[in-house]
Amino acid sequence: MSRTVKFTDELSLPAIGQGTWYMGEHASHRRYEVAALQAGLDCGLTLIDTAEMYAEGGAECIVGEALQGRRDRACLVSKFYPWNAGVVDAIEACERSLKRLQTDYLDIYLLHWRGNVPLEETIRAMETLQQQGKIRRWGVSNFDIDDMRDLWQEPGGSACVTNQVLYHLASRGIEFDLLPACREQHLPVMAYCPLAQAGRLRRDLMTNPELQDIARQLGISVAQLLLAWVIRQPGVMAIPKASSVTHVQENAAALTVSLNDEHLARMDAVFPPPQSKQPLDVV
C-alpha cells in the first residue's frame, strides 16, 4: 500500500517527494534534471521541493522548465533565505522565485532556517503573501524543538504546515523530542537528505552488511530500504534528490515497501535511536 502524508484537510500527498538540491549547477545536466522531475511526476511523486539558495535560483529555473504544461500536477515548495524573512524582503524574494519557477503561486513557502528577523514579522510576511495569492501555505525548515515552541507561541504560528529537517537512519536525533512534538501538533515533517548526503555517512549506510542483507531479503535496493524506513511512521515525508529517471523510478517504488518489526529491530541494532537530546543536524 502506498503511503501518504496529510498536510491539511485539503492536502494529502505521497510520502516521497522530489528534492532539487544541487540541480541547476551545470548546464550540461539540465535536460536530464528536467526529465527526472517530469518522470517523478509521472510516477506520482507530486511534491517538488526547491529553494532560492539552490544554485542561487538555478534549481528553481530547472523546476520551472519541468513544470511547463504540468503545473497543476505538482505541489510546489520553495524556501527563502533568513535575511529575506521580513515583510518587504519576503514578498520580493517570493516574486523572484515565482518568476524563475514560471508560476503565479507556490503551494508551500518555507523559511529556510531561522535568522535574526523576529518570527512575528515572518508570520506577517507569510500572511501577506497568502492574501496576495502568491502562496497557499507556509512552513519552516531546520527548526529545532525550541524554535518550534517559539513559533507555536506566536499569534498565527499554528498556521505553519510543515518543518523540513535532516533525517535519515544515521541521523535520528529528531526522534527524541522534535518528531514527537510535531506529531502531537499534527505537523508533518519533511526529511531532506533521507539517504544521507554524499560522503562517509552515505557510504556507511549503502555498504552496511546488515542493511544489504535486509534489502536482499526484501528484493529491493538499500536506497529503497532507507526511504521506506524514513516514511515508516505517519506524518513523515522523504524528499530525496534524483537527477536521473532510473533513480526517481526507484524512489517511487519505495512507497509500497513495508518493513516489519524484525526489519526495524535489526536496523535499530546497527543505527540505534537517540537516548538523549541531540543538537539538530543540518547540512
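**Figure 1. Helix H10 is the top contributor to the lining of the largest pocket.** Three of the lining residues come from H10. This is a predicted model, and in it the pocket takes up a volume of about 510 Å³. Look for helix H7 (200-206) here as well: like H10 (245-253), H7 supplies at least two residues of the lining. The whole lining runs to 24 residues, and Leu195, Arg202, Pro240, Lys241 and Ala242 are the ones that lie nearest the pocket centre. Sort the lining by chemistry and you get 14 nonpolar, six polar and four charged residues.

**Figure 2. The second largest pocket has a volume of about 220 Å³.** Here it's strand E1 (4-8) and helix H6 (178-184) that each bring at least two residues to the lining. E1 gives the most, with four residues. There are 14 lining residues in total, with His186, Leu187, Pro188, Pro234 and Gly235 nearest the centre. By type, the lining splits into nine nonpolar, three polar and two charged residues.

**Figure 3. Tyr54 carries the "active site" label in an unreviewed UniProt entry.** To find Tyr54, go to the loop between E4 and H2. Tyr54 has a relative accessible area of 6%, so it counts as buried. Setting aside residues up to four places away in sequence, Tyr54 touches Thr20, Trp21, Asp49, Ala59, Lys79, His112 and Gln164. One name on that list, His112, gets its own view next.

**Figure 4. His112 is listed by UniProt under "binding site", again in an unreviewed entry.** His112 sits in the loop that runs between strand E6 (106-111) and helix H4 (119-131). With a relative accessible area of 6%, His112 is buried. What does His112 touch once residues up to four places away in sequence are left out? The partners are Ala51, Met53, Tyr54, Lys79, Phe80, Ser141 and Asn142. So the two annotated residues of Figures 3 and 4, Tyr54 and His112, touch one another, and both are buried because their relative accessible areas fall under the 20% cut-off.

**Figure 5. Two loop residues, Tyr22 and Ala55, show a positive phi without being glycines.** Most residues other than glycine have a negative phi. Tyr22 has a phi of about 75° and lies in the loop between strand E3 (18-19) and helix H1 (30-42). For Ala55, phi is about 55°, and the place to look is the loop between strand E4 (47-49) and helix H2 (58-66). Buried or partly exposed? Tyr22 counts as partly exposed, at 38% relative accessibility, and Ala55 counts as partly exposed too, at 27%.

**Figure 6. Met148 is a buried residue of helix H5.** The helix covers residues 145-153, and Met148 comes in at 0% relative accessibility. Leaving aside neighbours within four places in sequence, Met148 is in contact with Val140, Phe143, Cys160, Asn163, Leu178 and Leu187. One of these partners, Asn163, is 15 residues away along the chain, with 8.6 Å separating the two C-alpha atoms.

**Figure 7. The largest cavity encloses about 30 Å³ of space.** Rolling a probe the size of a water molecule over the atoms shows where empty space is left. How many cavities of 30 Å³ or more turn up? The count comes to one. H4 and strand E7 (135-141) are the elements that give two or more residues to the lining, and H4 gives the most, with four. Lining residues to pick out include Leu111, Thr122, Met126, Trp138 and Phe143. The chemistry is eight nonpolar and two polar residues, with no charged ones.

**Figure 8. The largest nonpolar core contains 100 residues.** Helix H9 (residues 222-230) gives the most to this core, with eight residues. If you want the residues with the most contacts inside the core, go for Ile108, Tyr109 and Leu211. In soluble globular proteins, nonpolar side chains tend to be buried together.

Notes
Residues numbered from 1 in each chain as written. Predicted model: local features only at pLDDT ≥ 70, side-chain atom pairs only at ≥ 80, totals over all residues. Heavy atoms only, no water. 1 Å grid on protein atoms, 1.4 Å probe; cavity = no way out; pocket = protein on both sides within 12 Å on 5 of 7 lines; lining within 4 Å. Points joined across faces, edges and corners; volume = space filled by probe spheres on them. Nonpolar A, V, L, I, M, F, W, Y, C, P; charged D, E, K, R; others polar. UniProt positions renumbered as here; feature names shortened; annotations may be inferred. Buried < 20%, exposed > 50% of the residue type's maximum accessible area, 1.4 Å probe, protein only. Contact = heavy atoms within 4.5 Å. Core = buried A, V, L, I, M, F, W, Y, C linked by side-chain atoms within 4.5 Å.
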